[in-house]
Amino acid sequence: MRSKSDVSRHFIIDAWEATPTIRLVQRNSEHAGDLVSFPLPAELMDAFREEHGTRKGLYTVSSPKKAWLQKAMDQEGMHG
């Protein structure tokens, strides 16, 4: 980020709690906060657990999770 007016938005999977959540994070040079957060959908949980086990942490959104998010955003009219 080059200035306070620069903003970044990205999805992460937060697995610090028992049920992983998908978070849409917005950040600038001074602050980061969630725009939306929801439990990882059941249809993605097996793939996530196979890839990461039960380790706690923050993870990038990779396929098929990225494809699921794209489809969900398209269905909700959220994708420009």
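A salt bridge is taken here as a side-chain nitrogen of Lys or Arg within 4 Å of a carboxyl oxygen of Asp or Glu. In this predicted model, the side chains of aspartate 34 and arginine 23 satisfy that criterion, with an N to O distance of 3.0 Å. The contact ties together distant parts of the chain, since aspartate 34 belongs to strand β3 and arginine 23 to strand β2, eleven residues apart.

Arginine 23 has a further partner. The structure holds two salt bridges, and arginine 23 also pairs with aspartate 14, where the closest N and O atoms are 2.8 Å apart. Asp14, Arg23 and Asp34 are thereby linked in a network of salt bridges. Such pairing can arise when the charged atoms of oppositely charged side chains come close. The surroundings of the three residues are worth a look in turn. Arginine 23 counts as buried because its relative accessibility of 18% falls under the 20% limit. Aspartate 14, at 14% relative accessibility, is likewise buried. Aspartate 34, by contrast, is partly exposed, with a relative accessible area of 41%.

The strands that carry these residues can now be placed in their sheet. Four strands form an open sheet with antiparallel pairing, in the order β3-β2-β1-β4. Its edges are β3 (32–39) and β4 (58–60), each of which pairs on one side only. Neighbouring strands are turned against each other by 35 degrees on average, with direction ignored. As a general matter, strands of a sheet pair through backbone hydrogen bonds. Between strand β1 (residues 8–14) and β4, which run antiparallel, there are three bridges. Here isoleucine 13 stands opposite tyrosine 59 of β4.

Beyond the strands, the loop between β1 and β2 (21–27) includes alanine 18. Alanine 18 is exposed, because its relative accessible area of 66% is over the 50% cut-off. The C-alpha atom of alanine 18 is separated by 8.6 Å from that of lysine 56, although the two residues are 38 residues apart along the chain.

How confident is the prediction, and where is confidence lowest and highest? The protein chain averages a pLDDT of 83, and 84% of the residues score at least 70. Confidence is highest in β4, at a mean of 92, whereas helix α2 (residues 65–76) has the lowest value, with a mean of 69. The edge strand β4 is thus also the element with the highest confidence.

How values were computed
Residues numbered from 1 in each chain as written. Predicted model: local features only at pLDDT ≥ 70, side-chain atom pairs only at ≥ 80, totals over all residues. Heavy atoms only, no water. Pairing = 2+ DSSP bridges. Helix = DSSP H or I, 4+ residues; strand = E, 2+ residues; numbered from the N terminus. Axes fitted to C-alpha atoms, helices over the stretch in contact; angles between N-to-C directions. Buried < 20%, exposed > 50% of the residue type's maximum accessible area, 1.4 Å probe, protein only. pLDDT = per-residue confidence, 0-100.
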